[in-house]
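Dear colleague,

I am passing on to you the structure we spoke of, and I would be glad if you would look it over before reading my notes. Please keep it open beside this message as you go.

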Amino acid sequence: MFTPKFEGRRTILSLIRTLLDGASARAEDGLKDRFAIDLLAQRIRDAEAGLAAAKQTLATLIVRQRAEQASLGQLDRRHADLETRTISALAAGNNGLAESGATAVAELENEREVRRATVPSLGEKTLRMRVSVERVHRRIIDLNQGMISARAIDAERKAQSRLVRSIGQSASLNDAEELLARIKAGSDPFEEAGILDEIDGELRHEAIRDRLADAGHGPAMKVRAKDVLERLKTIN
């Protein structure tokens with residue numbers, strides 16, 4: 001009788017074994033998912049190798065069936081010939097020779113019965129093998145066609161996975177968008193230079209002096225277009 005302490009250890013060991021089995025199953029499923037295309041390709045190659053062996057067996061059966069059929073035809077011809085000759089010996093009263101002929105005819109008939117049973121048996125085996133070969137051949141064709149789609153799907157998934165990994169972390173995108181916003185929001189250096197010139201002019205009272213000159217209070221500080229026009233008119 002087991003003690004409670006021993007039963008507790010058995011329970012723990014059973015639990016650990018169950019956890020290990022579960023981890024092993026998950027690892028196996030993970031490997032199958034990761035290398036599904038490679039595993040599928042290998043299974044197809046194995047099936048193609050089996051199909052090639054089956055074709056070889058089918059070819060052997062067909063050759064044997066044809067050989068048995070040809071042998072049966074030869075037996076029929078030999079049987080008919082010996083039987084005709086034996087009948088002739090009996091008609092001629094050559095009983096000894098006729099008896100030898102009858103013995104040969106009997107042996108041929110026994111052999112013919114065996115071959116007559118063999119030929120249909122080979123035919124059935126050949127037919128079953130041919131049907132199996134055709135069925136496997138069609139399945140392999142379907143698998144190869146499916147393999148094309150599977151490769152395309154796998155390539156798409158891998159590309160999508162790489163894309164997700166590359167942009168999955170939004171920090172880089174956020175930083176890039178923030179930098180772009182800062183660049184767009186930055187001031188125009190040429191506009192700033194113009195504003196600075198205006199500020200400097202006002203600080204030196206140049207702006208007010210120019211406005212006073214434009215209003216006719218004092219001589220102009222710069223040559224103006226209307227001054228040029230007035231001078232040109234006096235020349236004419």
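Below is what was found in it, from the whole chain to single residues.

Please bear in mind throughout that this is a predicted model. The chain contains 7 helices and 0 strands, so that its elements, read from the N terminus, follow the order α-α-α-α-α-α-α. Of its 236 residues, 12% are buried, and the accessible surface of the chain amounts to about 18,900 Å², with 57% of that belonging to carbon and sulfur atoms. When contacts between residues at least 6 apart in sequence are considered, 73% of them join residues at least 24 apart.

Helix H2, which covers residues 36-91, has 56 residues and reaches 81 Å from its first C-alpha to its last, and this is close to the 82 Å expected at 1.5 Å a residue. Just after H2 comes Gly93, whose phi is positive, at about 80 degrees.

Helix H3 takes in residues 95-167, and Thr126 is found in it. Is Thr126 buried or exposed? Its relative accessibility is 4%, and because the cut-off for buried is under 20%, Thr126 counts as buried. If its neighbours within four places in sequence are left aside, Thr126 is in contact with Leu58, Leu61, Ile62 and Gln65.

The salt bridges deserve a section of their own. The structure holds 6 of them, and I describe some here. The side chains of Asp76 and Arg116 meet in a salt bridge, at 3.8 Å from N to O. This pair links distant parts of the chain, since Asp76 lies in helix H2 and Arg116 in helix H3, 40 residues apart. Asp76, at 30% relative accessibility, counts as partly exposed, and Arg116, with a relative accessible area of 38%, is partly exposed as well.

Arg116 also takes part in a salt bridge with Glu113, where the side chains meet at 3.5 Å from N to O. Glu113 and Arg116 both lie in helix H3, 3 residues apart, which is about one turn of the helix. Salt bridges that share partners join Asp76, Arg112, Glu113 and Arg116 into one network. Glu113 is itself partly exposed, with a relative accessible area of 45%.

A further salt bridge lies within helix H2, where Asp81 and Arg85 are 4 residues apart, about one turn of the helix. Their side chains meet at 2.9 Å from N to O. An α-helix has 3.6 residues a turn, so residues three or four places apart point the same way. As for their exposure, Asp81 is partly exposed, with a relative accessible area of 37%, whereas Arg85 has a relative accessible area of 55% and is exposed.

Finally, there is a nonpolar patch on the surface, of about 300 Å², which is made by Leu229, Leu232 and Ile235. Leu229 has its place in helix H7, which runs over residues 225-235.

With kind regards

Methods: Residues are numbered from 1 along each chain as its sequence is written. This is a predicted model: local features need pLDDT of at least 70, side-chain atom pairs count only at pLDDT 80 or more; totals for chains, interfaces and linings use all residues. Side-chain values use heavy atoms; hydrogens and water are left out. Helices (H or I, at least four residues) and strands (E, at least two) are DSSP runs, numbered from the N terminus. The expected span of a helix is 1.5 Å times one less than its number of residues. Buried means under 20% relative accessible area, exposed over 50%, partly exposed in between (1.4 Å probe, protein chains only). Contact means heavy atoms within 4.5 Å. Patches are made of residues with over 30% relative accessible area and no salt bridge: like charges are joined within 9 Å, nonpolar side chains (Val, Leu, Ile, Met, Phe, Trp, Tyr) within 5 Å. Accessible areas come from the Shrake-Rupley method with a 1.4 Å probe; for residues, only the protein chains shown count as cover. A salt bridge is a side-chain nitrogen of Lys or Arg within 4 Å of a carboxyl oxygen of Asp or Glu.
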